[in-house]
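Work through the exercises below with the model open beside you. Try each task before reading its solution.

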Amino acid sequence: MSYEQRISRVIDFIGKHLDDELTLDQLSSVACFSKCHFHRLFTAHTGLPLWQYIRWLRLKRAAHQLIVHKDSTIMEVALNAGFESHESFTRAFKQICGVNPSRFRLEQSWQAWEKPAYHLPKTGEKIMNVTIENKDTRRLAVLEHRGDPKEVGESVNKLIHWAKAQAMSLKPEPGEAFGFAYDDPKTTPAKDFRFDLAITVPKGLALKGEIMERQLPAGRYAVAVHKGSRDNIGDTVYSLYRDWLPHSKEELGDLPCIFCYYNFDHEVAETELVTECWLLLK
């Protein structure tokens, strides 16, 4: 097993055990490195010291929790991120994004979190695994986001708060929350950017106002899995269009690329995020 693969094992372990008390003995054992070399090897392959890497993952998840869990106190979020005091959490948080947690909660300035402070080791060329699957129709509650992609988080919160306000539980099961990606935020002017947010809802639920009904059509879909931060999900999308589609002999249906979410940034380490990219086929 290469050094890159051994560091990747540690990355996976940290992501799956982010809430545990991680120790140097434990992590060096996972990597099969001696403790005296492990720190230097981890930093050399990721660009970030081990404990800074773990802290960054916990703080980014905490940033999402500050926005999604409006009813939680900053101290509760701090404890969940492994900090023992409001002061230590605030200090670490401000070092990364330049504002304290209270101000971040108000302003939602995501720029500092958009580019990871680390880079993951490369373990050889990745081959995209694309499957073709038959999907059933779904009734969706949809909130349309129009405008600056940096403000999508506000639209996400609107949909979340609407769902929480309903009499029945609408917390989506894994694979029952979606994003309709009409435009690439890197190439589309902010004023023209379109992205729809959706969750699966039962038939009897009345939808009105900003929350509208849409049917996700049944059919054949090409499905590729994107693992990790969604900030670079465009790499998977473009690989689907550029590399897979021309050789597949398939034709696309009349639907934008769809993101199917299996977990969320406020729940897990960003390295553990799982998103399927769907293309409807004729």
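**Exercise 1. Determine the strand order of the sheet, the sense of pairing and the strands at the edges.**

Step 1. Set the ground rules. The model is predicted, local features need pLDDT of at least 70, side-chain atom pairs count only at pLDDT 80 or more, and totals for chains, interfaces and linings use all residues. Residues are numbered from 1 along each chain as its sequence is written, and side-chain values use heavy atoms, leaving out hydrogens and water.

Step 2. Assign the elements. Helices (H or I, at least four residues) and strands (E, at least two) are DSSP runs, numbered from the N terminus. Two strands pair if DSSP finds at least two bridges between them.

Step 3. Read the order. The open sheet has 8 strands, arranged β1-β6-β8-β7-β3-β4-β2-β5. The pairing is antiparallel.

Step 4. Find the edges. β1 (130–135) and β5 (212–216) each have a single partner strand, so one side of each lacks a neighbour in the sheet.

Step 5. Add the twist. From one strand to the next it averages 35 degrees. Angles run from 0 to 180 degrees between N-to-C directions, and axes are lines fitted to C-alpha atoms, for helices over the stretch in contact.

**Exercise 2. Count the bridges between β2 and β5, then find the helices that lie on the sheet.**

Step 1. β2 (residues 138–146) is joined to β5 by 5 bridges, in the antiparallel sense. One pair to check: R139 has Q215 of β5 as its bridge partner.

Step 2. Helix α9 (residues 152–165) lies across β2 and β4 (194–200). Its angle to β4 is about 25 degrees.

Step 3. Helix α10 (residues 233–248) also packs on the sheet. It touches β1, β6 (219–227), β7 (257–261) and β8 (274–281), where contact means heavy atoms within 4.5 Å. The directions of α10 and β8 make about 30 degrees.

**Exercise 3. Is β8 mostly covered or uncovered, and how many bridges join it to β6 and to β7?**

Step 1. Of the 8 residues in β8, 7 are buried, which leaves the strand mostly covered. The cut-offs: buried is under 20% relative accessible area, exposed is over 50%, and partly exposed is in between (1.4 Å probe, protein chains only).

Step 2. β6 and β8 run antiparallel, with 8 bridges between them. K227 has V274 of β8 as its bridge partner.

Step 3. β7 and β8 pair through 4 bridges, again antiparallel. Here Y261 is opposite T275 in β8.

**Exercise 4. Where do C32 and K249 lie, and how exposed is each?**

Step 1. C32 is not a glycine, yet its phi is positive, about 60 degrees. It sits in the loop between α2 (24–31) and α3 (35–46). Its relative accessibility is 47%, so C32 counts as partly exposed.

Step 2. K249, also not a glycine, has a positive phi of about 65 degrees. Its loop runs between α10 and β7. K249 is exposed, at 80% relative accessible area.

**Exercise 5. Which residues line the largest cavity, and what is its volume?**

Step 1. Define the search. On a 1 Å grid over the protein atoms alone, a cavity is a set of points where a 1.4 Å probe fits but cannot get out; lining residues have an atom within 4 Å of a point. Grid points are joined across faces, edges and corners, and a volume is the space filled by probe spheres set on the points.

Step 2. The whole structure yields 1 cavity of 30 Å³ or more. The largest cavity has a volume of about 40 Å³.

Step 3. Its lining consists of L57, K60, R61, H64, D265, V268, A269 and E270.

Notes: On a 1 Å grid over the protein atoms alone, a cavity is a set of points where a 1.4 Å probe fits but cannot get out, and a pocket is an open set with protein on both sides within 12 Å along at least five of seven lines; lining residues have an atom within 4 Å of a point.
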